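Student: I would like to learn how to read the features of a fold one at a time. Could we work through an example together, taking the sheet, the burial and the ligand in turn?

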Amino acid sequence: MTWSGSMNIRIRNFKTDDFEDVLYIESESFTEHNPFAYMHFYEMHGDMFLVAEYLDFIVGFIMGYRLNETEGRVFSLAVREEFQGRGIGAMLLDSLFKVFYSNLLKYATLEVRTSNLKARNLYRKMGFIPCWIEKEYYSDGEDGIIMKLKLSSYRFHDLDLFAKKIESISMRDSERFDK
Ligand SMILES: CC(C)(COP(=O)(O)OP(=O)(O)OC[C@H]1O[C@@H](n2cnc3c(N)ncnc32)[C@H](O)[C@@H]1OP(=O)(O)O)[C@@H](O)C(=O)NCCC(=O)NCCS
């Protein structure tokens with residue numbers, strides 16, 4: 001059986017019930033973990049904490065915050081492994097940009113590991129430009145690249161545009177979707 005179309009993926013605000021699922025994705029995605037950051041984010045920047053939902057499952061999340069008067073910072077972004085490469089990362093970014101924009105922010109910025117080519121490709125595709133390198137930004141000594149996107153130059157999309165690849169996810173994938 002094949003899912004039909006993108007309607008099965010929904011981007012919405014994080015709710016406290018999502019906490020466990022988000023922590024699961026965090027644990028499979030990152031080597032550095034900070035569970036407390038998530039509730040803190042929810043309390044401080046709830047409107048900028050979004051999740052991607054497939055049926056009743058959380059398959060990805062993005063967290064952002066207002067860094068200063070003009071800048072929204074993408075703090076964290078991750079998609080469940082089985083659901084990567086289907087446009088969900090792009091959908092989450094696009095949705096967070098909409099929140100930044102409605103908060104009258106002018107730029108989106110983020111930092112990414114130099115070795116994280118998948119994420120760097122995604123950010124470049126979304127229009128981020130590398131600005132400078134933060135030497136030994138991460139606790140393991142890896143450098144970080146600071147990237148920036150001007151929101152007035154970004155063309156917002158109907159999420160269906162990103163979700164085209166989702167049409168090809170089969171039920172075999174969801175059978176593997178065990179917690
Ligand atoms: C980075 C991440 C969020 C991307 O999410 P995703 O849902 O797989 O991304 P998308 O499907 O929206 O991919 C869009 C673009 O990302 C890039 N990309 C995706 N998978 C890739 C891969 N395996 N190799 C290289 N580039 C890749 C491509 O540019 C792709 O566009 P294209 O399909 O038109 O070529 C996801 O891989 C992830 O959760 N990684 C682990 C956590 C992480 O590294 N987070 C970022 C921290 S800064």
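Student: In which sense do β6 and β7 pair, and over how many bridges?

Tutor: Before answering, please keep in mind that this is a predicted model. To read a strand pair, one looks for the direction of the two strands and then for the bridges that join them. Here β6 and β7 pair in the antiparallel sense, over five bridges, and one of the partnerships sets I129 opposite K148 in β7.

Student: What is the order of the strands in the sheet, and which strands lie at its edges?

Tutor: The order of a sheet is found by stepping from each strand to its pairing neighbour. In this case seven strands form an open sheet in the order β1-β2-β3-β4-β5-β7-β6, with mixed pairing. The edge strands are β1, residues 9–13, and β6, residues 129–134, each of which pairs on one side only. As for the twist, neighbouring strands of this sheet are turned against each other by 25° on average, with direction ignored.

Student: How many bridges join β5 to β7, and how do these strands run?

Tutor: Strand β5 (residues 107–113) and strand β7 (residues 144–150) run antiparallel and are joined by seven bridges; as one landmark, Y107 has K150 as its bridge partner in β7.

Student: Which helices pack on the sheet, and which strands do they touch?

Tutor: For a helix on a sheet, one notes the strands touched and then the angle between directions. Helix α1, residues 19–29, packs on the sheet and touches β2 (49–54), β3 (57–66) and β4 (71–79), its direction making about 85° with that of β3. Helix α4, residues 117–126, also packs on the sheet, where it touches β5 and β7, and its direction makes about 160° with that of β5.

Student: What does the neighbourhood of β2 look like, starting from its pairing with β1 and β3?

Tutor: β1 and β2 pair in the antiparallel sense over five bridges, R10 having E53 as its bridge partner in β2. On the pairing with β3, six bridges join β2 to a strand that runs antiparallel to it, and V51 stands opposite F61 in β3. β2 and β3 form a hairpin with two residues between them, and L55, in the turn, has a positive phi of about 50°.

Student: Is β2 enclosed or open, and is β6 covered or uncovered?

Tutor: Burial is read by counting, for each residue, the other C-beta atoms within 10 Å, where 20 or more means buried and 12 or fewer means exposed. Five of the six residues of β2 are buried, so this strand is largely enclosed by the rest of the structure. By contrast, β6 is hardly covered, since none of its six residues is buried. Over the protein chain, 30% of the 179 residues count as buried.

Student: Why do E69 and T31 count as exposed?

Tutor: E69 is exposed because it has 8 other C-beta atoms within 10 Å, and T31 counts as exposed because it has 9 C-beta neighbours inside 10 Å. E69 lies in the loop between β3 and β4, whereas T31 sits in the loop between α1 and α2 (35–45). Separation in sequence can be set beside separation in space: E69 and L105 are 36 residues apart in sequence and 7.0 Å apart in space, C-alpha to C-alpha, while the C-alpha atoms of T31 and D140, 109 residues apart along the chain, are separated by 9.8 Å.

Student: Which residues of the largest nonpolar core touch the most other members?

Tutor: The general idea is that in soluble globular proteins nonpolar side chains tend to be buried together. Of the 41 residues in the largest nonpolar core here, L50, F61, I62, I88, M91, L92 and L96 touch the most other members. The largest share of this core, eight residues, comes from α3. Leaving aside residues up to four places away in sequence, F61 touches F14, V22, I25, L50, V51 and A78.

Student: Which residues are closest to the ligand, and how many surround it?

Tutor: A ligand shell is read by its members, their origin and their character. The ligand is surrounded by 19 residues, of which Q84, G89, A90, N121 and L122 are the closest. β4, α3 (88–102) and α4 each supply at least two residues of this shell, and α4 gives the most, with six residues. By character, the shell divides into nine nonpolar, seven polar and three charged residues.

Definitions and conventions: Residues numbered from 1 in each chain as written. Predicted model: local features only at pLDDT ≥ 70, side-chain atom pairs only at ≥ 80, totals over all residues. Pairing = 2+ DSSP bridges. Helix = DSSP H or I, 4+ residues; strand = E, 2+ residues; numbered from the N terminus. Axes fitted to C-alpha atoms, helices over the stretch in contact; angles between N-to-C directions. Contact = placed C-beta atoms within 7 Å. Near = placed C-beta within 6 Å. Nonpolar A, V, L, I, M, F, W, Y, C, P; charged D, E, K, R; others polar. Core = buried A, V, L, I, M, F, W, Y, C linked by C-beta atoms within 7 Å.
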